[in-house]
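Hi,

Here is the structure I promised to pass on. Have a look at it first, and then read my notes underneath.

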Amino acid sequence: MRNPRFLPFCRKVQKRTSIEWVIHLIIHRMSTKSSPRAPASPASPSPKRRGRASDHRAAGAPAPLTFRPIHTRRAFEEICARIREQLALGVLKPGDKLPPERDLAQQLGVSRNVLREALRSLEMAGVLRLQKGVKGGAFVQQGDTSRMNVVMRDMLSLGTISVRELSEARIHVLDMGVQLACVNAKQADFEALEGNIARTELATREGRLLDRVECAREFYRLLAVASGNKVIAMIMDSVTEIHMRFVYAKVASSGVAMARLVERRRQFMTALRERDAALATRLMRSHLGAVQRMLEQDPGAMSLQVALAEMQPGIRG
């Protein structure tokens, strides 16, 4: 009796020659044996089926080929990438306002909730400023270099970098900053630095030692600007901001401050004005070494907790 499963197949090929019929019948039998309920259209075997087939391989056979799963980018990440792309292309510039939320969500084909998530992410990254109110919206930021300070502090918290590495890096970074300032500093930079030294002298004379620490932070910031290199300035600011926390903690706890600070500053300014990079670098290294020795006399002043603490002194006078 003819197998009923073959009836449709037989009808289809009954007009062909006997040789053709036999060939097609053999092919059909082979396919039905390996997959009795196979669908009409060919399909790729599933991972489970491949796994079962591999069980029958001889012992010692190579392991089956595997691939890592594909992780598609989340919608808010794609939105962030597209906005950053417009910034890179110069279509968006600092100060520009993004389209209204409803219009932007419609253009991107996303919900307003997803769009808000992306905008908040870019705000946290310092790319956008979100403003509420009638004249509010999402505005492109000028660029907040202080974001690097946060990154540096996070790396300290996570143990990615150590306090010793930070102190060592500061010396080398300031070497570059001083050398660049000797070449690029303008008259306005010299005047700003000398004004800072005058405030430092006044704070010293009046015994306002914590304000003097704030003057020191400002001195290094002004020196970073005088370097004329924004990348170097960013790095100088980030390593100095954390290092000055140690100085602040030391002065606050002991009431002791660096001796002859104003004299050292004026010697440095003379070398800077004369654009003597070798002397200016040597004087700065000498000062930083003296500060480091002062801090190392009190191990508690160089603790990680100090580096991550907040400083809130204010400059008066």
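Below is what I found, beginning with the aromatic rings and then moving on to a helix pair and a few single residues.

One thing to keep in mind from the start: this is a predicted model.

**Aromatic rings**

How many aromatic pairs does a search of the whole structure find? It finds two. One of them is made by Phe219 and Tyr220, with 5.7 Å from centre to centre and 85 degrees between the planes, and it is edge-to-face. The other joins Phe219 to Phe268: the ring centres are 6.1 Å apart and the planes stand at 65 degrees, so this pair is edge-to-face as well, given that angles over 60 degrees count that way. Phe219 belongs to helix α10 (residues 209–226) while Phe268 belongs to helix α12 (residues 261–273), so this pair ties together parts of the chain that are 49 residues apart in sequence.

Put together, the ring pairs link Phe219, Tyr220 and Phe268 into a cluster. Are these rings buried or exposed? Phe219 and Tyr220 are both buried, and Phe268 is buried too.

Two arginines also come into this picture. Arg265 has its charged end over the ring of Phe219, 4.1 Å from the ring centre. Arg170 does something similar with Tyr220: its charged end sits over that ring, 4.6 Å from the centre.

**How α10 packs against α13**

Two packed helices are described by the angle between their axes and the distance between the axes. For α10 and helix α13 (residues 277–296), the angle is about 150 degrees and the axes are 15 Å apart. The cut-off for roughly antiparallel is over 145 degrees, so α10 is roughly antiparallel to α13. Their crossing is left-handed.

Which residues meet here? From α10 come Phe219, Tyr220 and Leu223, and from α13 come Met284, His287 and Leu288. If you have been following the rings, you will recognise Phe219 and Tyr220 from the cluster.

**Three single residues to click on**

Start with Asp175, which is in helix α8 (residues 163–184). Its relative accessibility is 12%, and the cut-off for buried is under 20%, so Asp175 counts as buried. Leaving out residues up to four places away in sequence, Asp175 touches Thr281 and Arg285.

Next is Arg275, in the loop between α12 and α13. With a relative accessible area of 38%, Arg275 is partly exposed. Which residues does Arg275 touch, not counting those up to four places away in sequence? They are Ala181, Cys182, Val183, Asn184, Ala185 and Phe190. The C-alpha atoms of Arg275 and Val178 are separated by 9.7 Å, although their positions lie 97 residues apart along the chain if you count from one to the other.

Last comes Val110, which has its place in the loop between α5 (101–108) and α6 (112–124). Val110 has a relative accessibility of 23% and counts as partly exposed. Setting aside residues up to four places away in sequence, Val110 touches Ile79, Ala105 and Leu115. Its C-alpha atom is 7.7 Å from that of Ala75, and the two residues are 35 apart along the chain.

If you want a place to begin, go to Phe219: this residue is in both aromatic pairs, has the charged end of Arg265 over its ring, and is among the α10 residues that meet α13.

Cheers

Key
Residues numbered from 1 in each chain as written. Predicted model: local features only at pLDDT ≥ 70, side-chain atom pairs only at ≥ 80, totals over all residues. Heavy atoms only, no water. Phe/Tyr/Trp six-rings, centres within 6.5 Å; stacked < 30°, edge-to-face > 60°. Buried < 20%, exposed > 50% of the residue type's maximum accessible area, 1.4 Å probe, protein only. Helix = DSSP H or I, 4+ residues; strand = E, 2+ residues; numbered from the N terminus. Lys NZ or Arg CZ within 6 Å of the ring centre and 35° of its normal. Contact = heavy atoms within 4.5 Å. Axes fitted to C-alpha atoms, helices over the stretch in contact; angles between N-to-C directions. Parallel < 35°, antiparallel > 145°, perpendicular 65-115°, else oblique. Left-handed = near helix turned anticlockwise from the far one by under 90°.
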